[in-house]
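Subject: Structure handover and notes

Dear colleague,

I am passing on the structure we spoke about, and below it you will find my notes on what came out of going through it. Please read them with the coordinates open beside you.

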Amino acid sequence: MLGLGAIYNPNLKYTTQCKDGTFSTSKGKYACSTHGGVETYDYQGQLTPSAPMVDGGSGIFLIPLNQIATNEELFQERDEPYALKTVKQIIRNVETGSFSWESFVPIQLWQDDMGNLWILSGHSRTEGFKRLAKKGIIYQGRSFDAIPAQIIKDISLEEARSIAYRSNTSTKPKDSERARLYRKMRETGTEEKRIKEEIKFEEGENANFIYSLTFLNPKGKILSAYKALETSSDVTSQSRIKAMANWIGSARMQYPILSNLHENEMYDWLMNGVYATKKGAGKITNKRDFLDRIFQAIQRNSGMFEELNPNKPLNLKQATQLAPAELEYRRLYDAAKSELKKAERELAKANEDYIKRGATQEDLQRVMKPYQDAVIAARRRLKQVVDTRETARE
């Protein structure tokens, strides 16, 4: 039973030891009133991992709720600060007598360099304890002012966030919530390669869809519509919006030049009869055709490779499309330009790597030649494509 637990605070020396093995900073006559009474006053020892814990040394401490901090932005992947269903279930179990201290899953806390304790896993369980504590409920001789917890120390903030994201929870996060945490990773400077690897590892078969959602505007029309239907029993509407979210997210991933205004325009366009599950005049039934239409609209509105105006609509309703020859030319141009950028990046990276290794100027001239040749070839290819521009336009 949790009477074997230890109240933990890394910054305080305790003044009172309770009969059930817990500790208090109070010297008043009511100290330990819910913990079997006072064993001894003026206890000056610091609690360590070898001190009495829940279940006799399991590494689980009883942590007073007022010593626990939360930061939903850093350590909570859901839209809400906690799962209300879980909170109500804890309270119901206590009220019906089916709650068990022994089987309660401890929350996970991270102790930072300043000694602060942050919830990594267990926001809902902690909220349940807070509500029970506020009611003053005593269950099997113990109050809910403190909660069983594991304390993780000596790790970085990034490592703590990773633990929070991967922690097992009683309520499975929704797709939109999973996408939000990966979007935050991008916003805080995480490399795109690592984000992709994390999504592939964590999301399995759903990885591609989750990844496409990360490119959507969190406050845009399509993500709002998807979130509204995410747990709906209307399978048809849910499937329809999910497909649109995937298409539009993929478009913004493939064409970063698209703005939030364009995203809403794409959603309105699809919703107004363009999206379909069966082929028909003016209908789009698959992502490939949708992306092709968006590509055409981008080219039509950006002139001959000028920047697309983020505040100007794509005018997707226009029937005018590029001629096949010009469309093919622009595909070739984009491919050649992308090839050149890749070759230039590889050249710069190789040059930096060899310099770090202490390569001499003579060594650099020798080992860098293949990279330089690749850049020259890519530039030549781009020029060849550009030289056909007038023919394509005619």
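Q140 is found in the loop between β8 (138–139) and β9 (142–143), and its backbone deserves a look, since Q140 has a positive phi of about 50 degrees although it is not a glycine. Please keep in mind here, and throughout, that this is a predicted model. For background, most residues other than glycine have a negative phi. With a relative accessibility of 44%, which falls between the 20% and 50% cut-offs, Q140 counts as partly exposed.

A second residue of this kind is N315, which is not a glycine and yet has a positive phi of about 55 degrees. N315 lies in the loop between α11 and α12 (324–356), and because its relative accessibility is 32%, N315 also counts as partly exposed.

To place these loops in the whole, the protein has 15 helices and 10 strands, and buried residues make up 43% of its 394 residues. If you take the contacts with a separation of 6 or more, 66% of them are accounted for by residues that are 24 or more positions apart.

The sheet

Five of the strands form an open sheet in the order β4-β10-β6-β7-β5, and the pairing within this sheet is mixed. Its edge strands are β4 and β5, each of which pairs on one side only.

Starting from the β4 edge, strand β4 (residues 60–64) is joined to strand β10 (residues 146–152) by five bridges, and the two run antiparallel. Within that pairing, I60 stands opposite Q150 in β10. Is an edge strand such as β4 enclosed by the rest of the structure, or is it exposed? Five of the five residues of β4 are buried, so this strand is largely enclosed by the rest of the structure. The side chains divide between two directions, with I60, L62 and P64 pointing one way and F61 and I63 the other way, and all of these residues are buried.

Further along the order, strand β6 (residues 107–111) runs antiparallel to β7, to which it is joined by four bridges. Two of the facing pairs can be checked directly: W110 stands opposite W118 in β7, and L109 stands opposite I119 in β7. The hairpin of β6 and β7 has five residues between the strands, and in this hairpin G115 takes a positive phi near 90 degrees.

On its other pairing, β7 meets strand β5 (residues 68–69) in the parallel sense, over two bridges, and the bridge partner of I68 in β7 is L117. Strand β7 (residues 117–121) is largely enclosed by the rest of the structure, because five of its five residues are buried.

Two helix pairs

Two packed helices are described by the angle between their axes and the distance between the axes. I noted two such pairs.

For helix α2 (residues 84–96) and helix α3 (residues 123–134), the axes come within 8 Å and cross at roughly 45 degrees. That angle lies outside the ranges for roughly parallel (under 35 degrees) and roughly perpendicular (65 to 115), and α2 and α3 are therefore oblique to each other. The crossing in which α2 passes α3 is right-handed. The residues that meet are L84, T86, V87, I90, I91 and V94 in α2 and S124, R125, E127, G128, R131 and L132 in α3. By class, this contact of α2 with α3 has six nonpolar, three polar and three charged residues.

For helix α10 (residues 260–274) and helix α11 (residues 287–301), the packing angle is about 125 degrees, and the axes are 13 Å apart. As roughly antiparallel would call for an angle over 145 degrees, and roughly perpendicular for 65 to 115, α10 and α11 are therefore oblique to each other. The crossing of α10 and α11 is right-handed. Here M266, W269 and L270 in α10 meet F290, R293 and I294 in α11, and by class the contact has five nonpolar residues, no polar ones and one charged residue.

If you open the model at only a few places, I would suggest Q140 and N315 for their positive phi values, then β7 for its buried residues, and lastly the contact of α2 with α3.

Best regards

Conventions. Residues numbered from 1 in each chain as written. Predicted model: local features only at pLDDT ≥ 70, side-chain atom pairs only at ≥ 80, totals over all residues. Heavy atoms only, no water. Axes fitted to C-alpha atoms, helices over the stretch in contact; angles between N-to-C directions. Left-handed = near helix turned anticlockwise from the far one by under 90°. Contact = heavy atoms within 4.5 Å. Nonpolar A, V, L, I, M, F, W, Y, C, P; charged D, E, K, R; others polar. Buried < 20%, exposed > 50% of the residue type's maximum accessible area, 1.4 Å probe, protein only. Pairing = 2+ DSSP bridges.
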